[in-house]
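Hi,

Here is the structure I said I would pass on to you. Open it in your viewer and keep it beside this email while you read.

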Amino acid sequence: MEENKEIKQQEKLEDITGITCIYVPVNDVYESIQWYQKNLGYQPADSNRVEPGMAMAVMNMPDRNGNLPSPGLRQVVPALFLHQSDEEGGRLRFSWTLDSSKPHAIACFITPRIEVLRERFKENGVNILGERMTSGPNVTFADPDGNVWEVWQP
């Protein structure tokens, strides 16, 4: 009993405080930057020089005022690290038997305006893989490289 009391009294340290980035394999980083800007609103980090032939780019989601977040211990919206990668390296997706083994999203974005986003996707020719309702509407889609994402409106 005494040992349990000591454990409870010890200061608990945080090992994980958030997610800072998702590494995204793409064929052409320069073209992917434009796709993620146009369709999801991500912007290249200030430290990135955007040019054809680049092998890696950091993309951030700006806040309401257009400011890009700086790295910190509690990153709420993860940055996307676009990395040039051959298809043999794989893409972000998996199959799930509960979803008829269709490609499943690796991550889910949140939006307050899913109808507007769905229309943008249609106008821009985004590959919409499916739509469903789970505590709000979801749209599953793929980027031009086949990385599968989802967007959800609570």
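Start with I22: in this predicted model, I22 stands opposite L80 in β4. That pair belongs to strand β1 (residues 21-26) and β4, which pair in the parallel sense over six bridges. Now look at the other partner of β4. Four bridges join β3 to β4, and here the strands run antiparallel. Two places to click on are V58, which stands opposite F81 in β4, and A57, which stands opposite L82 in β4.

Put those strands together and you get an open sheet of four strands in the order β1-β4-β3-β2, with mixed pairing. Which strands stand at the edges? They are β1 and β2 (43-44). Each has a single partner strand, so one side of each is left without a neighbour in the sheet. Helix α2 lies across β1, β2, β3 and β4, and runs at about 150° to β4.

There is another sheet to find. It is also open, has four strands in the order β7-β10-β9-β8, and has mixed pairing. Its edge strands are β7 (108-110) and β8 (127-133), each pairing on one side only. On average, neighbouring strands of this sheet are turned by 25° against each other, direction ignored. Zoom in on β8 and strand β9 (residues 137-142): they run antiparallel and are joined by six bridges. Within β9, V139 has E131 standing opposite. Helix α3 (residues 114-123) lies across β8, β9 and β10 (148-152), at about 25° to β9.

Next, the pockets. As background, rolling a probe the size of a water molecule over the atoms shows where empty space is left. The largest pocket has a volume of about 670 Å³. Its lining is made up of 21 residues, and M61, F109, I110, T111 and P112 lie nearest its centre. Which elements give two or more residues to that lining? They are β7 and α3. Sorted by class, the lining of the largest pocket has 16 nonpolar, two polar and three charged residues.

The second largest pocket has a volume of about 200 Å³. It is lined by 14 residues, of which A45, V58, N60, P69 and P71 are the closest to its centre. You have met V58 already, as the residue opposite F81 in β4. β3 (56-60) and β4 (79-84) each supply at least two residues of this lining. By class, the lining of the second largest pocket divides into eight nonpolar, five polar and one charged.

One last thing before you explore on your own: how far to trust the picture. The mean pLDDT of the protein chain is 87, and 90% of its residues reach 70 or more. Where is confidence lowest, and where is it highest? The lowest is in helix α1 (residues 2-9), at a mean of 57, and the highest is in helix α2 (residues 29-40), at 97. Where pLDDT is low, the predicted coordinates should not be read in detail. Keep that in mind when you get to helix α1, with its mean of 57.

Have fun clicking around!

Cheers

Note on methods:
Residues numbered from 1 in each chain as written. Predicted model: local features only at pLDDT ≥ 70, side-chain atom pairs only at ≥ 80, totals over all residues. Heavy atoms only, no water. Pairing = 2+ DSSP bridges. Axes fitted to C-alpha atoms, helices over the stretch in contact; angles between N-to-C directions. Contact = heavy atoms within 4.5 Å. 1 Å grid on protein atoms, 1.4 Å probe; cavity = no way out; pocket = protein on both sides within 12 Å on 5 of 7 lines; lining within 4 Å. Points joined across faces, edges and corners; volume = space filled by probe spheres on them. Nonpolar A, V, L, I, M, F, W, Y, C, P; charged D, E, K, R; others polar. pLDDT = per-residue confidence, 0-100.
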